[in-house]
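Me: I am new to this structure and would be grateful for a close look at a single part of it. Please choose one pair of neighbouring elements, describe it with care, and then place it in its wider setting.

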Amino acid sequence: MITKDYYPIFIDLSNFRVLVIGGGKVGTKRALAFKKYGANVSVISLDFSQDLLNSDIRLIKEDANKIDASIIEKYDIILTCTNNFELNEKLCNIAKNLRKLCNNPTNPENSNFIVPIFYSDNDMEIAITTKGKSSILAKEILSKTINIANSPEMRNLLSAMYDVKTLLKKKVTDPSVRYSFYHKIYNDEKFKYYATNGLIEKALHRAEEIINDQ
C-alpha cells in the first residue's frame, strides 16, 4: 500500500524517452501503452514477449543486471518490470537519484509516479488509483464512473458547456467575470434542463439571457 501523496497530472508523452526494463507480461503492457500515447519507447531484456517482437518498439537484448546510471540517464521515464524485486528497487532508486520519473510495479512505494487505471476518448479522460490497495476495485470504480460520464445527459451537458465557454470568451473579456458567469449558467435549472436533453440551441439562448441580464 502506498502511503505518500501524488499529484495527478495528464501529460503529452510525444517528446519523452521511456525505458521499460523487462520484456514479460507487465513490461509488455507498459511498453505498448506508452508507445500508443506517443512516447519513444525502448525495452531492455534478455527475452521479449511475442507482442513486443511484433511491435515497432526498440528492443535491446541485454541483461538488466548490467544496467547502470550511464544507461538510465539517457531516458526521461523508467519502468522497472523484471521479476527480480531487489533489482527493480535498485534500478528505480538510481533513476530517482538522477531526478527521473520511475514506476516500480513490484513495489509501488518505491515509485515516484503511479500508472493508474484509466479511460480516454476524444472528449474526456478519467484516471483512478487506490494507491496499490486494490486494482480490482479501481477497475470497478472506473467502470461505474464511465457509465455516468457516457450517459446522454452528461455528454449533452459537456457539449453545451463547451459552447458556453466559447460564447463567454467572445462576450466577456474579464476572466474573473467570465468565471462567475460560467458557474451561474451551469447552475441555472432552465439551462441545465435544455442542455441535458440535447436542446443545445435553447440552452445557449438561455445562457445569453443570463449574460445580458447582468
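Reply: In this predicted model, strand S6, which covers residues 117-120, pairs with S7 in the antiparallel sense, and four bridges join the two. S6 and S7 form a hairpin, with four residues lying between them. One of the bridges can be named by its residues: Ser-120 has Glu-125 in S7 as its partner.

The side chains of S7, which comprises residues 125-128, follow an alternating pattern. Ile-126 and Ile-128 point to one face and are buried, whereas Glu-125 and Ala-127 point to the other face and are not buried. In a regular strand, the side chains alternate between the two faces of the sheet. Glu-125 thus appears twice in this description: as the bridge partner of Ser-120, and as a residue on the face of S7 that is not buried.

Beyond the hairpin, the chain passes from S7 to helix H5 (135-149) through a loop that contains Lys-131. The phi angle of Lys-131 is near 55 degrees, a positive value in a residue other than glycine. Lys-131 counts as partly exposed because its relative accessible area is 25%, and the partly exposed class lies between under 20% for buried and over 50% for exposed.

A positive phi angle also occurs in Arg-99, where the value is near 65 degrees and the residue is again not glycine. Arg-99 is placed in the loop between H4 and strand S5 (101-103). Its relative accessibility is 79%, so Arg-99 counts as exposed.

Helix H4 itself spans residues 85-97 and includes Glu-86. Glu-86 counts as exposed because its relative accessibility is 59%. The C-alpha atoms of Glu-86 and Asn-107 are separated by 9.7 Å, while the two residues are 21 positions apart along the chain.

As for the wider setting, the protein has nine helices and seven strands. Its radius of gyration is 23 Å, well over the 17 Å that the globule rule gives for 214 residues, so the protein is more spread out than a compact globule. The C-alpha trace spans about 70 × 35 × 35 Å along the principal axes. Of the 214 residues, 36% are buried, and Ile-126 and Ile-128 of S7 are among the buried ones. Among contacts with a separation of 6 or more, 50% link residues 24 or more positions apart. The accessible surface comes to about 13300 Å², and carbon and sulfur atoms contribute 52% of it.

Conventions: Residues are numbered from 1 along each chain as its sequence is written. This is a predicted model: local features need pLDDT of at least 70, side-chain atom pairs count only at pLDDT 80 or more; totals for chains, interfaces and linings use all residues. Side-chain values use heavy atoms; hydrogens and water are left out. The radius of gyration is taken over C-alpha atoms; the globule rule is 2.2 Å times the number of residues to the power 0.38. Buried means under 20% relative accessible area, exposed over 50%, partly exposed in between (1.4 Å probe, protein chains only). Contact means heavy atoms within 4.5 Å. Accessible areas come from the Shrake-Rupley method with a 1.4 Å probe; for residues, only the protein chains shown count as cover. Two strands pair if DSSP finds at least two bridges between them.
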